[in-house]
Amino acid sequence: MTAGAALPALPVGRVHLGESEAGTPILGYGFAGCGEDRVLVIAGVHGSERSGVEVAERLAGLLQTGYRPVPHTVVVPALFPDNVAQGLRQGEVPTNRNFPRPGESLEGARRRGRGTPVDSLGLALLPENVILVDLVERFRPVTLISVHATVYPERAGIFADPHTVPPGVPGDVADRLAEAVRRDTERDAALALRLARAAAARGVSLAGNRLEAEPTVLWSGETPEGTSLGGWAPCAVADGGPGGRPAVGVITVEVNGLPASAEAADPVLRRAELTALAETILDEALGATSPD
């Protein structure tokens with residue numbers, strides 16, 4: 001199934017979402033929920049962050065054993081599979097800054113690029129990001145959990161990206177939307193805090209959340225290289241294109257350290273930590289019930 005093909009309304013099982021720039025299949029795993037909401041979990045945005053990929057793989061593995069999530073859930077463990085295979089963070093184009101302008105649909109980005117979808121800086125969208133944007137527009141998740149990793153222990157944590165009012169909205173409309181934006185940001189911050197506290201209780205290192213003091217759960221990173229998914233997704237799209245959608249809550253998980261368990265100095269300890277993160281997402285974000 002290519003990026004332009006219509007995805008099933010509720011994809012279930014192993015789904016071929018499209019192919020990378022090098023022709024490698026990009027796979028998603030869909031799990032039917034018992035509620036109406038939808039959650040999308042992605043990893044492998046940066047290919048060197050293999051610990052994040054393992055967290056997503058372990059989450060998909062748990063769901064495949066029969067856990068039933070409340071929201072319908074799609075997991076994409078390796079968005080950039082070629083970079084993951086090489087241990088390469090990214091190429092010349094920053095993979096996590098290569099998205100349409102906030103408030104813009106994929107079709108709007110394509111119109112602006114005169115047939116080729118372009119990002120906020122006018123660069124062509126990478127094929128993998130076209131697939132992701134297309135999936136967000138078709139699947140319409142309420143929450144998107146993006147699992148990354150960091151080499152800086154003090155930055156490890158679970159954070160929410162603030163929602164924003166779409167640009168170009170008239171002042172009176174913007175004023176009315178501001179309250180909804182505030183509520184959505186508070187909702188996502190509460191989810192990030194719940195996830196962080198539950199993960200910390202399982203022994204996961206999340207120094208960036210500063211849970212023992214005044215917790216920090218709102219993402220404060222800058223995006224000078226362009227619009228991040230955390231700038232594009234939490235902004236509603238209503239540009240007249242077929243990809244119009246409500247705002248998506250974005251939760252960024254920054255795992256402490258890049259190595260997967262197989263590459264770690266203590267594989268058993270590392271596997272336990274990454275499994276604990278997967279179980280936290282399973283319990284706190286998906287509310288999954290046990291197959292027993």
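**Strand S4 and its surroundings in a predicted model**

From strand S4, His72, Val74 and Val76 point one way and Thr73 and Val75 the other way, and all of these residues are buried. Here, buried stands for under 20% relative accessible area, exposed for over 50%, and partly exposed for anything in between, using a 1.4 Å probe and protein chains only. Strands (E, at least two residues) and helices (H or I, at least four) are DSSP runs, numbered from the N terminus. The structure is a predicted model, in which local features need pLDDT of at least 70 and side-chain atom pairs count only at pLDDT 80 or more, while totals for chains, interfaces and linings use all residues. Residues are numbered from 1 along each chain as its sequence is written, and side-chain values use heavy atoms, with hydrogens and water left out.

It helps to begin with the whole chain. The protein chain holds seven helices and seven strands, and from the N terminus these elements follow the order β-β-β-α-β-α-α-α-β-β-α-α-β-α. A compact globule of 292 residues would have a radius of gyration near 19 Å, and the 18 Å of the protein chain agrees with this. That radius is taken over C-alpha atoms, and the globule rule is 2.2 Å times the number of residues to the power 0.38. Along the principal axes, the C-alpha atoms fill a box of roughly 50 × 45 × 40 Å.

Of the 292 residues, 52% are buried. Contacts, meaning heavy atoms within 4.5 Å, often link distant parts of the sequence: among those with a separation of 6 or more, 75% are between residues 24 or more positions apart. The accessible surface of the protein chain is about 12700 Å², and carbon and sulfur atoms supply 53% of that area. Accessible areas come from the Shrake-Rupley method with a 1.4 Å probe; for residues, only the protein chains shown count as cover.

Why is strand S4 described as largely enclosed by the rest of the structure? Five of its five residues, 72–76, are buried, so the strand is largely enclosed. Strand pairing adds to the picture; two strands pair if DSSP finds at least two bridges between them. Strand S3 (residues 38–43) runs parallel to S4 and is joined to it by five bridges, with Val41 opposite Val75. Strand S2 (residues 25–31) pairs with S4 in the antiparallel sense over three bridges. Within that pairing, Tyr29 has Val75 as its bridge partner, and Phe31 has Thr73.

S2 itself is mostly covered, with five of its seven residues buried. Strand S1 (residues 13–19) is antiparallel to S2, and six bridges join the two; in this pairing Gly18 stands opposite Ile26. S1 and S2 form a hairpin with five residues between them, and Gly23 in the turn has a positive phi of about 90°.

Three further buried residues show how separate parts of the sequence meet. Ser146, in strand S5 (residues 143–150), is buried, with a relative accessible area of 4%. Its C-alpha atom is 8.4 Å from that of Leu40, although the two residues are 106 residues apart along the chain. Beyond its neighbours within four places in sequence, Ser146 contacts Ile42, Val45, Ile251, Thr252 and Val253.

Val248 sits in the loop between helix H6 (229–232) and strand S7 (249–256), and its relative accessible area of 1% makes it buried. Leaving aside neighbours within four places in sequence, its contacts include Val136, Pro141, His163 and Pro234. Glu104, in the loop between helix H2 (81–86) and helix H3 (106–112), is also buried, with a relative accessible area of 9%. With the neighbours within four places again set aside, Glu104 is in contact with Ala109, Arg112, Val118, Trp232, Val237 and Asp239.

Finally, two arginines deserve a look for their backbone angles. Most residues other than glycine have a negative phi. Arg114, in the loop between H3 and helix H4 (127–139), has a positive phi near 55°. Arg140, in the loop between H4 and S5, likewise has a positive phi, of about 55°. Which of the terms exposed, partly exposed or buried fits each arginine? Arg114 counts as exposed at 83% relative accessibility, whereas Arg140 is partly exposed at 41%.
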